[in-house]
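Please open the structure in your viewer and have the selection tool ready. The tour moves from one selection to the next and says what is there at each stop.

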Amino acid sequence: VAELDRFRQADSILQGHPENEFVPGVDITTGSLGQGFPQAVGMALGMRLSGSPRRVYAILGDGECQEGIIWEAAMAAGHYRTDNLTAVVDANGLQIDGDVANVMNVAPLVDKFRAFNWHVEEIDGHDFDQIHGAVQRAKGVTGMPQAIIARTVKGKGVSFMENNYKFHGSPPNDEQYRIAMEELKA
């Protein structure tokens with residue numbers, strides 16, 4: 001809870017883009033959209049070439065999929081059959097400037113990943129059983145990387161934040177925070 005008071009503050013684990021020196025489990029700091037995914041592809045390829053049994057997981061947003069670097073990396077991962085790589089795409093239909101479909105439509109995500117030789121599964125990104133099941137099934141896929149398209153609602157559970165792109169990078173004020181915490185407890 002103490003970290004929530006430091007949301008979007010420098011040196012907080014919740015400062016914005018996850019930084020590897022502050023957030024356990026984050027191996028690289030990426031900054032701009034799209035930069036982390038090609039690094040994940042490179043890490044997965046390097047691990048496979050060195051004989052490592054480890055897997056790489058990358059989390060992307062559907063707004064991030066507007067970046068060309070995402071599709072270059074997806075094409076390379078599929079071409080090189082990088083089967084130790086799983087991408088989870090948070091498909092909530094919103095990005096910092098509004099509706100993904102209006103800013104730069106990326107639909108159909110499922111078909112695009114499949115076209116680049118990816119195994120694709122679409123799930124309800126709010127259902128923990130579906131998330132767990134999809135990750136477990138992805139581990140059994142051989143010969144191709146896996147994409148889990150997680151359909152979500154941005155700000156789910158907080159009435160004034162749901163499907164509101166304005167809260168993409170803006171913290172709630174004190175009163176909004178109080179309301180949000182009450183709504184999430186319900």
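What follows is a walk through a predicted model, beginning with its sheet and ending with its charged pairs.

**The sheet**

Begin by selecting the four strands that form an open sheet, which come in the order β1-β2-β6-β5 and pair in parallel. Strands β1 and β5 are the edge strands, each of them pairing on one side only, and from one strand to the next the twist averages 20°. As background, strands of a sheet pair through backbone hydrogen bonds, in either a parallel or an antiparallel way.

**Strand β6 and its partners**

Now select residues 146-151, which make up strand β6. Why can this strand be called largely enclosed by the rest of the structure? Five of its six residues are buried, so the rest of the structure encloses most of β6.

Add strand β2, residues 85-91, and you will have a parallel pair in which six bridges join β2 to β6. Within this pair, A87 has A147 as its bridge partner in β6, while A91 has R151. Then add strand β5, residues 119-124, which also runs parallel to β6 and is joined to it by six bridges; here the bridge partner of V120 in β6 is A147. To get from β5 to β6 the chain passes through helix α5, residues 128-139, and this β-α-β crossover is right-handed.

**Helices on the sheet**

Keep α5 selected and look at how it lies across β1, β2, β5 and β6, running at about 170° to β5. Next select helix α1, residues 36-49, which packs on the sheet and touches β1 and β2, its direction making about 165° with that of β1.

**Two aspartates, D62 and D90**

Select D62, which sits in the loop between β1 (56-61) and α2 (68-79). Which side chain of opposite charge is nearest to D62? That side chain is R151, 5.6 Å away, and D62, although buried, has no salt bridge. Because a salt bridge needs a side-chain nitrogen within 4 Å of a carboxyl oxygen, a separation of 5.6 Å does not qualify. If you leave aside the neighbours within four places in sequence, the contacts of D62 include V89, D90, A91 and N92.

Move on to D90, which is found in strand β2 and counts as partly exposed because its relative accessibility is 28%. With neighbours within four places in sequence again left aside, D90 is in contact with L60, G61, D62, A150 and T152.

**Charged pairs**

A search of the whole structure finds four salt bridges, and the remaining stops visit some of them. Select R137 and E121, whose side chains meet in a salt bridge at 2.3 Å, N to O. R137 lies in helix α5 and E121 in strand β5, so this pair ties together parts that are 16 residues apart in sequence. Of the two, E121 is buried, with a relative accessible area of 17%, whereas R137 is partly exposed at 46%.

Next select E122 and R151, which form a salt bridge with their closest N and O atoms 2.7 Å apart. This pair links strand β5 to strand β6 across 29 residues of the chain.

Finish with E182 and K185, which form a salt bridge of 3.8 Å, N to O. Both lie in helix α6, residues 174-185, three residues apart, or about one turn of the helix. Here K185 is exposed, with a relative accessible area of 62%, while E182 is partly exposed at 46%.

Methods: Residues numbered from 1 in each chain as written. Predicted model: local features only at pLDDT ≥ 70, side-chain atom pairs only at ≥ 80, totals over all residues. Heavy atoms only, no water. Buried < 20%, exposed > 50% of the residue type's maximum accessible area, 1.4 Å probe, protein only. Pairing = 2+ DSSP bridges. Right-handed = clockwise from strand over helix to strand, strands pointing away. Lys, Arg positive; Asp, Glu negative; His and termini not counted. Contact = heavy atoms within 4.5 Å. Axes fitted to C-alpha atoms, helices over the stretch in contact; angles between N-to-C directions.
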